[in-house]
Amino acid sequence: MPTRETSNGPDAFEGSPVRLRVLLPLPLAGAYDYRAGPGLGLKPGDFVRVPLGRRAAIGVVWDDGDGTAEAVAEAKLRNVSARCDVPPLSGEMRRFIDWVAGYTLSPPGAVLRMAMSVPEALEPPRPVIAYRVAEDAPHPDSSDPGEVRLTASRRRVLRELGSGPPRAIAELALAAGVGAGVVRSLIDMGWLEEVELPRTRPPGPDGTRPGPVLSPEQEGAAETLRERQGQGFSVTLVDGVTGSGKTEVYFEAIAAALREGRQSLVLLPEIALSAQWLARFEARFGAPPAIWHSEISPAQRRRTWREVAEGSVPVVVGARSALFLPFAKLGLVVVDEEHEAAFKQEDGVVYHARDRAVVRARFAGVPAVLVSATPALETVINVERGRYGVVHLPDRHGGASLPEIQTIDMRRETMPRNAFLSPKLREAIAETLGRDEQAMLFLNRRGYAPLTLCRTCGHRLNCPTCTSWLVEHRRAGRLQCHHCGHTISRPPACPSCGDEDSFVPCGPGVERVAEEAGALFPGARVALVTSDTMTGPSAAAEFLERMAGHGIDLLVGTQIVAKGHHFPRLTLVGVVDADLGLAGGDLRAAERTYQLLHQVAGRAGRAERPGRALLQTYMPEHPVMLALVALSQRSEARDDFLQIEAEERRRHGWPPFGRLAAIIVAGRDANVVDRVARELGRTAPSGHGIETLGPAPAPLALLRGRHRRRLLVKASREINLQAALDSWLSRVRAPSNVRLTVDIDPYSFL
Ligand code: ADP
Ligand code: ZN
């Protein structure tokens, strides 16, 4: 493990100019040498401005520079220009960055860049300047002091300000009903004087507010988390069915961290849309948390980053990128829905936020809490091995029962042409709507139809730059590639045979299901919810309100509706194609399908009304379906299923029983890509406990115009996979127009 002990004492580089290393947030090999320059008093972790070529750059002092003396000749060393006025990056954060870099085989600078995603935050925040009446200003009602300067509007400003606190120019002008120029003229005359206002922050979340009265199981779980708070590093899985109060329980751990004055980080998979979560948090703690994801405003981003670094933000809830925020006093890390594939970052530095969250907590010496109704197999195995603790919440809060789950064997259903809802499912919907309850149809596929083909010649509409069909989005009147976003309008004639009006849609997307549902139940209010329709927090909030207020009878949606929401009137969930996730070569296909369907089913019947879930499948005897059906009788069915999965993976040496890395070779020239891939294949690690599969064309053999080949390295857990990869990959020279991506613990096999 490439952790390095760094001296973090005060004034580590005080005295004569000294050589030091500065890591820059760039994908370079390592830290660069600089000379500290006198008088800066630099310490490891300090953010510094340095010259880089002809530019200036900001980096972080990484360690004391021992052992790198030969790297840059003394004469060539350049001086650090300045130290930034921002708290230093903590030692635990620097070790975390080094660790992630080593683990993912990424340059440390590329990882540091994630921690320095807001360069503007390194500038001290601009002080808030306000004005008050100067002592020698005339009284607003006094007669004109001789010169003709006390105009009516100037009097209004003086009068306005005389009675209140100092105010900023724009605010004051507005209150006095004058232009900003009038206020400025008073400033110029010296009648108003500047004061610097302290930065005010509204009161933050309060850990002393009482939470709800917990059930005995919940209280026991909360007590365990509270005990571990402040006792150093630990990992605890909160394993409980949907609606059992897992959120309430980990809120107790946050409350404990708040009372200790420590910061908490909560990772959520779909933070941008978690309006319900935010409302609950605010109700519990009396103030909202800071939010961190890709859609917050630049101003919010700058302020949050800085305040996190200063330790003044008590709770951050965010997407996976929040892991790289420079917490000053981290006290707790929570990963909600820890099994979610959305936590896997696939671009740039490839990492899994759940696993990294645990590492982050380990370096910080604080507890990590993983939360799920369907924990990842990796997590369950870690519990079995005794590495993680676990608390269980077996029952739904308020005694509501789990939905009854049944399969509909599609081999036995007589389906009308171009219909996707079986007679059994239709009947169930009719019953549900007849009781004035809500139903939901789930299909994890956006758009109208996944494939459009010409009925005359069989031509398929493909993406020109990906190995992928174009998905029809009928509402938007276009066809779209779901991999690269390439969009066309529907061609009037087949590009292959020229026949007009010959295209037919094949297979269902949610739009098509919504159309069918609307035709079958003309009196029902049908709503379609996908990432295309739910584009932001306000759309999400509006939808939740409409659903909760029973403004929707029949909801049709993708996995965006599968998460976290609580709808008391929703009593039927119909899964249109339960087999959808099982195809393909993904080693976690069964596990993921189980998790998703379990979660979707869990949307039904969360309050007093019992719910049921119906799964349309052509494989009712598949272990996933059997486990889901058994679940309504025995809650252990989930663990039985995980045991079967675990056996399967153990037999093949798949994770978590073995280690895996995917190498993707991509480039525009297929011949060059093939040559590099073959070269990699020839020199690939193989031997005792390690083997390499491939190269083979990736399932997405063409993506955005780049040809892609894959290799998969499988190793036993005793093998140092990173070291093996490193020595292998450093021997192969790839031309600059070919990109090699290394994905440790791959989750995507496309
Ligand atoms: P989970 O996170 O396990 O899905 P939640 O924490 O969301 O469960 O709880 C489900 C619902 O039950 C929420 O509306 C929550 O406020 C409520 N709830 C859970 N426990 C309690 C409790 N002890 N007192 C009051 N309401 C509770
Ligand atoms: Zn495409």
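**Buried helices, cores and contacts**

In helix H17, Ala637, Arg638, Phe641, Leu642, Glu645, Ala646 and Arg649 are buried. The model described here is predicted. An α-helix has 3.6 residues a turn, so residues three or four places apart point the same way. The buried residues of H17 pack against four elements: strand E8 (234-240), helix H11 (377-384), helix H15 (589-601) and helix H16 (623-631).

The length of H17 was also examined. This helix covers residues 637-652, which is 16 residues. At 1.5 Å a residue, the expected span is 22 Å. The end C-alpha atoms lie 23 Å apart, in agreement with that value. Glycine 653 follows H17, and its phi is positive, near 70°.

Nonpolar cores were considered next. The largest contains 107 residues. Within this core, Tyr250, Ile254, Trp305, Val316, Leu725 and Trp728 touch the most other members. Helix H7 (residues 246-259) supplies the largest share of the core, with 8 residues. A second core is separate and holds 43 residues, including Met534, Ala613, Leu631 and Leu642. Leu642 is also among the buried residues of H17.

The surroundings of tryptophan 728 were then listed. With residues up to four places away in sequence left out, tryptophan 728 touches Ile663, Leu680, Thr683 and Ala684. Pro685, Leu711 and Val713 complete the list of its contacts.

Glutamate 307 belongs to helix H9 (residues 298-310). Its relative accessibility is 9%, so glutamate 307 counts as buried; the cut-off for this class is under 20%. Apart from neighbours within four places in sequence, glutamate 307 is in contact with Arg199, Arg201, Gln263, Ser312 and Val313. Methionine 625 lies 318 residues from glutamate 307 along the chain. The C-alpha atoms of these two residues are separated by 48 Å.

A helix pair was also analysed. Helix H3 (residues 152-162) packs with helix H5 (residues 180-188) at an angle of about 75°. Their axes are 10 Å apart. The range for a roughly perpendicular pair is 65 to 115 degrees, and H3 and H5 are therefore roughly perpendicular to each other. On the H3 side, the contact is made by Ser153, Arg154 and Val157. On the H5 side, Val182, Val183, Ser185 and Leu186 take part. The residues of this contact divide into 4 nonpolar, 2 polar and 1 charged.

Notes
Residues numbered from 1 in each chain as written. Chains lettered and ligands numbered in written order. Predicted model: local features only at pLDDT ≥ 70, side-chain atom pairs only at ≥ 80, totals over all residues. Heavy atoms only, no water. Axes fitted to C-alpha atoms, helices over the stretch in contact; angles between N-to-C directions. Helix = DSSP H or I, 4+ residues; strand = E, 2+ residues; numbered from the N terminus. Parallel < 35°, antiparallel > 145°, perpendicular 65-115°, else oblique. Contact = heavy atoms within 4.5 Å. Nonpolar A, V, L, I, M, F, W, Y, C, P; charged D, E, K, R; others polar. Core = buried A, V, L, I, M, F, W, Y, C linked by side-chain atoms within 4.5 Å. Buried < 20%, exposed > 50% of the residue type's maximum accessible area, 1.4 Å probe, protein only. Expected span 1.5 Å × (residues − 1).
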